[in-house]
Amino acid sequence: MESTPPPTEPRKRGRPKGSTKAKAEKDKDTASAGTTPSRMRGSAGDKRNTAVDEGYAHWKQLVPVLYDWLASHNLVWPSLSCRWGPVLERGTYKTKQRLYLSEQTDHTQPNTLIIANCEVVRPRVAAESHIANFNEDARSPYVKKYKTILHPGEVNRIRELPQNKNIIATHTDCPEVLIWDVEAQPNRHAVLGAADSRPDLVLSGHQDNAEFALAMCPAEPFVLSGGKDKSVVLWSIQDHVSTLASDGTQSAESASSIVKAADNSTVGPRGIFQGHTDTVEDVQFCPSSSQQFCSVGDDSCLILWDARIGSDPVVKVEKAHNADLHCVDWNSHDENYILTGSADNTVCMFDRRNITANGIGSPVHKFAGHKAAVLCVQWSPDKCSVFGSSAEDGLLNIWDYEKVGQKKDTGSKTPGTPAGLFFQHAGHRDKVVDFHWNAHDPWTIVSVSDDGEFSGGGGTLQMWRMTDLLYRPKDEVLTELQKFKDHVIECSKTS
């Protein structure tokens, strides 16, 4: 997104309509023109691509040192969203888990919602050689497609229902939110001209397209959305969720016919909340409440709401950043802290106790470690002070706000490293559009990049976990390393 987009039509994040190409198709186009496949046209693109390739090569050399596990999965079509689903099976060395992603096509094939089964390797199991020797241009054996849903329009955002992770919500380029029961939905083949799959529920209430801002409530089955109509809309799907769950054991054909015959397959809102003056880009619930939530938008505002009080903002921070706000997240460990990410390349952490009713209050800290617009922020479920941020610079940064202001040991940190930054995932070669911490597998992340602009089309999905030597207590790590050192010395004496 541009730093200062036109006020009437902010530029949409992700790929513009009509320009999407599969990775293989872009290579075919350049080959037919008598050139070798390039990742970006023009001299400026060549310079950028050379820098990207050099940085990526350097990162790949460090993979065995920095990571406990990593799997890279090549996507023919880009995906704008990725989410962990329910755990299916726990083994000694691997966990089988559901994964949700999408395929954003150029309309020569249907847009799809992909339900995959993936294998997550347990900590300290993967061999060093196995982690390092992956092929970024190949499909990963750890990701297997389970079901395909033909989605009406491109999938901009996916969110799973915490109370039943087989039920997910999606945003596309329309005013409605679509609800899917992935187990009841029939498996479809992505053939041009095929009819779209039919959602199990449709949530209506927006007056204009709602493309990105979407959240599910951890406390109750409530859904929150924001859109181009500058509104935040709240729904309850309590009654309908119980109906879907009871129908989940039926055959796909039966479930589909019930949906078509249902009189209440469209659900109206519990409330519509007005306060933004431009597109609402992201929303998030307070972790313990279905009635308290926050939103951010292209008006540079962070707004806190309470549906119990009314439809007007409780607190409005008029200038949370110096540009459009793209993303927001609420800390589930300490509900006072809220993160925002912006087109000004920064992440801000706000303490809601320090924000007054008239919106006055500066962030607790501003994290400046990206070189392009921040697209996604999310608190870690494993430690209250840790969070991640991904951006159009192709980086996924892991931060710990407890490290901000700490005295640094001499030589222990690279000069110029931003305060609070303690890990940087550089495995993507283009903008990292989404990522998700795994609540069932500590310190494990899935991330996805849209590789269309610089890397020849398609996308890259990566599942990874940094080495625990980076986040465990320092004394504990030093004790382990000393034991390893003693072991090496002893072995060298006997050899």
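What is the volume of the second largest pocket? The answer is about 840 Å³, and Figure 2 takes it up.

This is a predicted model, where local features need pLDDT of at least 70, side-chain atom pairs count only at pLDDT 80 or more, and totals for chains, interfaces and linings use all residues. Residues are numbered from 1 along each chain as its sequence is written, and side-chain values use heavy atoms, with hydrogens and water left out.

**Figure 1. The protein chain has six helices and 29 strands.** Helices (H or I, at least four residues) and strands (E, at least two) are DSSP runs, numbered from the N terminus. Of the 495 residues, 54% are buried. Buried means under 20% relative accessible area, exposed means over 50%, and partly exposed lies in between (1.4 Å probe, protein chains only). The accessible surface comes to about 21,200 Å². Carbon and sulfur atoms hold 50% of that surface. Accessible areas come from the Shrake-Rupley method with a 1.4 Å probe; for residues, only the protein chains shown count as cover. Among contacts (heavy atoms within 4.5 Å) with a separation of 6 or more, 61% link residues 24 or more positions apart.

**Figure 2. The second largest pocket has a volume of about 840 Å³.** Its lining counts 45 residues. Closest to the centre are Arg83, Gln284, Asp329, Gln378 and His436. A pocket is an open set of points on a 1 Å grid over the protein atoms alone, where a 1.4 Å probe fits, with protein on both sides within 12 Å along at least five of seven lines; lining residues have an atom within 4 Å of a point. Grid points are joined across faces, edges and corners, and the volume is the space filled by probe spheres set on the points. Rolling a probe the size of a water molecule over the atoms shows where empty space is left.

**Figure 3. Strands help to line the second largest pocket.** Seven strands each supply at least two lining residues: S2 (83–90), S6 (157–161), S10 (214–216), S15 (280–285), S19 (325–330), S23 (374–379) and S27 (432–437). By class, the lining has 23 nonpolar, 11 polar and 11 charged residues. Ala, Val, Leu, Ile, Met, Phe, Trp, Tyr, Cys and Pro count as nonpolar, Asp, Glu, Lys and Arg as charged, and the others, Gly among them, as polar.

**Figure 4. S2 and S3 (residues 94–103) form an antiparallel pair.** Five bridges hold the pairing. Two strands pair if DSSP finds at least two bridges between them. A hairpin of three residues joins S2 to S3. Glutamate 89 has lysine 96 of S3 as its bridge partner.

**Figure 5. S6 is mostly covered.** Five of its five residues are buried. Arg157, Arg159 and Leu161 point one way, and Ile158 and Glu160 the other. In a regular strand the side chains alternate between the two faces of the sheet. S6 pairs with S7 (residues 164–171) in the antiparallel sense over five bridges. Two residues make the hairpin between S6 and S7. Glutamate 160 has isoleucine 168 as its bridge partner in S7.

**Figure 6. S25 (residues 396–400) runs antiparallel to S24 and to S26.** Five of the five residues of S25 are buried, so this strand is largely enclosed by the rest of the structure. Leu396, Ile398 and Asp400 point one way, and Asn397 and Trp399 the other. Five bridges join S24 (residues 386–391) to S25, and four join S25 to S26 (residues 421–425). Tryptophan 399 stands opposite phenylalanine 387 of S24 and opposite leucine 421 of S26. Four residues lie in the hairpin between S24 and S25, where glycine 394 has a positive phi of about 85°.

**Figure 7. Isoleucine 237 sits in the loop between S12 (231–236) and helix H4 (238–247).** Its relative accessible area is 0%, so isoleucine 237 counts as buried. Leaving aside neighbours within four places in sequence, isoleucine 237 is in contact with Leu161, Leu201, Leu203, Pro221 and Val223. Proline 269 is 32 residues away in sequence and 9.7 Å away in space, C-alpha to C-alpha.

**Figure 8. Asparagine 345 and tryptophan 443 have a positive phi.** Most residues other than glycine have a negative phi. Asparagine 345 has a phi of about 75° and lies in the loop between S20 (337–342) and S21 (347–351). Asparagine 345 is partly exposed, at 22% relative accessible area. Tryptophan 443 has a phi near 60° and lies in the loop between S27 and S28 (444–450). At 7% relative accessibility, tryptophan 443 is buried.
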